[in-house]
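Please walk through the fold and surface of the following model.

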Amino acid sequence: MFDFGIGYTEILVIAVVALIVIGPKDLPRVLRALGRMTAKLRGMAREFQGHLDAAMRETGFDEVKKDLQSIKSINPVADVAEDIQKQNDDFKKYFGDASGNPVEPAKAKQPAEAKAEPSPADNEFDKYFAKTKSESVQS
């Protein structure tokens with residue numbers, strides 16, 4: 001309940017000393033005055049906090065505060081671990097797993113005997129500069 005280092009036994013000792021020093025007759029008035037003073041202090045603290053919040057909004061400091069909080073939430077270790085895992089997956093995809101068994105590529109290789117002799121138009125240069133029949137007829 002109390003975060004300022006006073007336990008229940010200390011509060012009990014303070015209450016007994018206050019009862020002896022102040023007396024049972026004046027104790028309710030003193031406690032009432034203490035309550036009013038505490039309420040005024042809380043009101044002043046609330047008003048001061050409101051003024052500080054308004055000043056932060058006017059200067060744009062709340063946006064800087066939000067940016068700093070978002071920077072705190074960034075986890076560079078997780079980002080690096082994700083990049084390493086992606087690189088590991090790519091490596092396994094292209095070179096196989098650690099047991100030395102290569103992974104088959106996505107395209108199946110055709111046997112050499114099934115492939116026909118390449119025609120002269122199969123290379124990129126000839127494909128690009130070859131005229132189609134319709135182009136040669138128009139010329």
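The paragraphs below go from the overall make-up to one helix and then to a surface patch.

This is a predicted model, in which local features need pLDDT of at least 70 and side-chain atom pairs count only at pLDDT 80 or more, while totals for chains, interfaces and linings use all residues. Residues are numbered from 1 along each chain as its sequence is written, and side-chain values use heavy atoms, with hydrogens and water left out.

The protein has six helices and zero strands; helices (H or I, at least four residues) and strands (E, at least two) are DSSP runs, numbered from the N terminus. The order along the sequence is α-α-α-α-α-α. Of the 139 residues, 2% are buried, meaning under 20% relative accessible area. About 13400 Å² is exposed, 62% of it supplied by carbon and sulfur atoms; areas come from the Shrake-Rupley method with a 1.4 Å probe, and for residues only the protein chains shown count as cover.

Helix H2, residues 27-59, contains 33 residues and spans 48 Å from first to last C-alpha, close to the 48 Å expected, where the expected span is 1.5 Å times one less than the number of residues. Glycine 60 follows H2, with a positive phi near 85 degrees.

A nonpolar surface patch consists of Leu12, Val13, Val16, Val17, Ile20, Val21, Ile22 and Val30, together about 730 Å² of accessible area. Such a patch takes nonpolar side chains (Val, Leu, Ile, Met, Phe, Trp, Tyr) joined within 5 Å, from residues with over 30% relative accessible area and no salt bridge, that is, no side-chain nitrogen of Lys or Arg within 4 Å of a carboxyl oxygen of Asp or Glu. Helix H1, residues 8-22, gives the largest share, seven residues. Valine 30 lies in helix H2 and is partly exposed at 37% relative accessible area, the partly exposed class falling between under 20% (buried) and over 50% (exposed).

Terms used
Patch = residues over 30% accessible without salt bridge, like charges linked within 9 Å, V, L, I, M, F, W, Y side chains within 5 Å. Buried < 20%, exposed > 50% of the residue type's maximum accessible area, 1.4 Å probe, protein only.
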